[in-house]
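Work through the exercises below with the sequence and the coordinates at hand. Each task is followed by a solution in steps.

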Amino acid sequence: MNEIKTAFEMNPLFTIGCLLFMIGISIFCFGKKFFLFRLFFGDRSMFSQIFWGLIFSGIGLLLILFFKQF
């Protein structure tokens with residue numbers, strides 16, 4: 001648990017990556033159910049929701065993998 005805490009404190013890009021990953025997963029899974037996501041992205045198709053969810057979660061995962069601390 002201390003390893004995760006120090007990673008968040010020492011590296012802000014790791015924190016941004018975690019936030020982007022969580023946002024991407026929430027868009028991917030719950031985008032059509034939450035009103036704010038539908039308002040932000042417009043009433044688009046399911047493919048657009050899957051695309052943007054994968055883009056955000058992919059960028060977040062890359063930031064996590066590149067900037068994690070051991």
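The exercises concern aromatic pairs and a nonpolar surface patch in a predicted model.

**Exercise 1.** Classify the ring pair of Phe51 and Trp52.

Solution. A pair of aromatic rings is described by the distance of the centres and the angle of the planes. The structure holds two aromatic pairs. For Phe51 and Trp52 the centres are 5.3 Å apart, and the cut-off for pairing is 6.5 Å. The planes of these two rings meet at 75 degrees, so the pair is edge-to-face, since angles over 60 degrees fall in that class.

**Exercise 2.** Classify the ring pair of Trp52 and Phe56, and state where the two residues sit along the chain.

Solution. The centres of Trp52 and Phe56 are 6.2 Å apart, with 40 degrees between the planes, and the pair is tilted. Both residues belong to helix 4 (residues 46–67); they are four residues apart, so about one helical turn separates them. Ring pairs thus join Phe51, Trp52 and Phe56 into a cluster.

**Exercise 3.** Assign Phe56 and Phe66 to buried, partly exposed or exposed.

Solution. Buried requires under 20% relative accessible area, and exposed requires over 50%. Phe56 has 22%, so Phe56 is partly exposed. Phe66 has 63%, so Phe66 is exposed.

**Exercise 4.** Which element gives the most residues to the nonpolar patch?

Solution. The patch covers about 470 Å² and is made by Leu13, Ile16, Leu62, Phe66 and Phe67. Helix 2 (12–30) and helix 4 each give two or more residues. Helix 4 gives the most, with three residues; Phe66 lies in helix 4.

Technical notes:
Residues numbered from 1 in each chain as written. Predicted model: local features only at pLDDT ≥ 70, side-chain atom pairs only at ≥ 80, totals over all residues. Heavy atoms only, no water. Phe/Tyr/Trp six-rings, centres within 6.5 Å; stacked < 30°, edge-to-face > 60°. Buried < 20%, exposed > 50% of the residue type's maximum accessible area, 1.4 Å probe, protein only. Patch = residues over 30% accessible without salt bridge, like charges linked within 9 Å, V, L, I, M, F, W, Y side chains within 5 Å. Areas by Shrake-Rupley, 256 points an atom, 1.4 Å probe, with all protein chains shown as cover. Salt bridge = Lys/Arg side-chain N within 4 Å of Asp/Glu carboxyl O.
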